[in-house]
Amino acid sequence: MSSIAVYPGSFDPFTNGHIDILYRALPFFSVVHVIVAEHPSKEALFTVEERVAMIKDVTSKEKNIVVNSFKGLVVDYAHSIKASAIVRGLRAVSDFDYEFQLATMNRRLASDIETIFFTTRGKYFYVNSSGIKDIASYGGDVSAFVPPYVEQKLKEKFKK
Ligand code: ADP
């Protein structure tokens, strides 16, 4: 079995909650690919390229993190790099229903790939990308929720 994992998400933007999950998953794998989903139908604040750039900036010191974008099925991307696991994070019970469905679907599509969940650290329980975008859009301080690079990019976005 390979010890390669994918950590897929929208990451619009990449938050301290995402970072926590990523760095806690990292010791269990030789490589983790953080992959930014391109959803043509889902409206995002940041382009896929911007999101890839922010994740690369934040993780630049780690040799075993690869950052990429993808279109299509996570399991297809996972197969293409011979990954054996999909990493996801869980916050509240409200995440569970969606994540359970997703993991079950993915297992039906690819039984050789396991979804592995990391539960959030208490302090990131309420950290989510939508809330952060709302606060930033009104000029609020989001420095406790995102890394400095992302904070800067949010400021630039909402200045326009
Ligand atoms: P999605 O892929 O559903 O668009 P996100 O890109 O926001 O969601 O998040 C990717 C993954 O990280 C999901 O499994 C989500 O539950 C998890 N996640 C997001 N924020 C946190 C957090 N604060 N703590 C733990 N897990 C989180």
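Q: What makes the pairing of His18 with the ligand a polar contact?
A: A polar side-chain atom of His18 lies 3.1 Å from an oxygen atom of the ligand. A polar contact is a pair of N or O atoms within 3.5 Å; within protein, one must be able to donate a hydrogen and the other to accept it, and residues adjacent in sequence count only if both atoms are side-chain atoms. The value of 3.1 Å is within 3.5 Å, so the pair qualifies. The model is predicted: local features need pLDDT of at least 70 and side-chain atom pairs pLDDT 80 or more, while totals for chains, interfaces and linings use all residues. Residues are numbered from 1 along each chain as its sequence is written, and side-chain values use heavy atoms, with hydrogens and water left out.

Q: Which atoms of Glu99 and Val127 pair with the ligand?
A: An N or O atom in the side chain of Glu99 is 3.0 Å from an oxygen atom of the ligand. For Val127, a polar backbone atom is 3.0 Å from a nitrogen atom of the ligand. The protein covers 90% of the 550 Å² of accessible area that the ligand has on its own (Shrake-Rupley method, 1.4 Å probe; for residues, only the protein chains shown count as cover).

Q: Why is Thr120 called buried?
A: Its relative accessible area is 19%. Buried means under 20%, exposed over 50%, and partly exposed in between (1.4 Å probe, protein chains only), so Thr120 is buried. Thr120 lies in the loop between strand S5 (114–119) and H5 (helices, H or I of at least four residues, and strands, E of at least two, are DSSP runs numbered from the N terminus).

Q: How do you know that Asp95 and Lys82 fall into opposite classes, buried and exposed?
A: Asp95, in helix H4 (residues 93–109), has 14% relative accessibility and therefore counts as buried. Lys82, in the loop between helix H3 (74–80) and S4, has 63% and therefore counts as exposed.

Q: What makes the backbone of Phe11 and Lys82 notable?
A: Most residues other than glycine have a negative phi, and most peptide bonds are trans. Phe11 is not a glycine, yet its phi is positive, about 50 degrees; for Lys82, also not a glycine, phi is positive at about 60 degrees. Phe11 is buried, with a relative accessible area of 3%.

Q: Why is the bond between Asp12 and Pro13 called cis?
A: Its omega is about 0 degrees. Pro13 is in the loop between S1 and H1.

Q: How do you know where the buried residues of H5 lie around the helix?
A: In H5 (residues 129–137), the buried residues are Ser129, Ile132, Lys133 and Ala136. Seen down the axis, they fall within an arc of 100 degrees, so they line one face of the helix (the arc is that of the directions from the helix axis to the C-beta atoms). These residues pack against helix H1 (16–25) and helix H6 (148–159) (contact means heavy atoms within 4.5 Å).

Q: What makes Asn128 a cap of H5?
A: A side-chain oxygen of Asn128 lies 3.2 Å from the backbone nitrogen of Ser130, at the N-terminal end of H5.

Q: Which residues touch the most other members of the largest nonpolar core?
A: Ile55, Val87 and Leu154 do so, among 32 residues (a nonpolar core is a set of buried Ala, Val, Leu, Ile, Met, Phe, Trp, Tyr and Cys residues joined through side-chain atoms within 4.5 Å).
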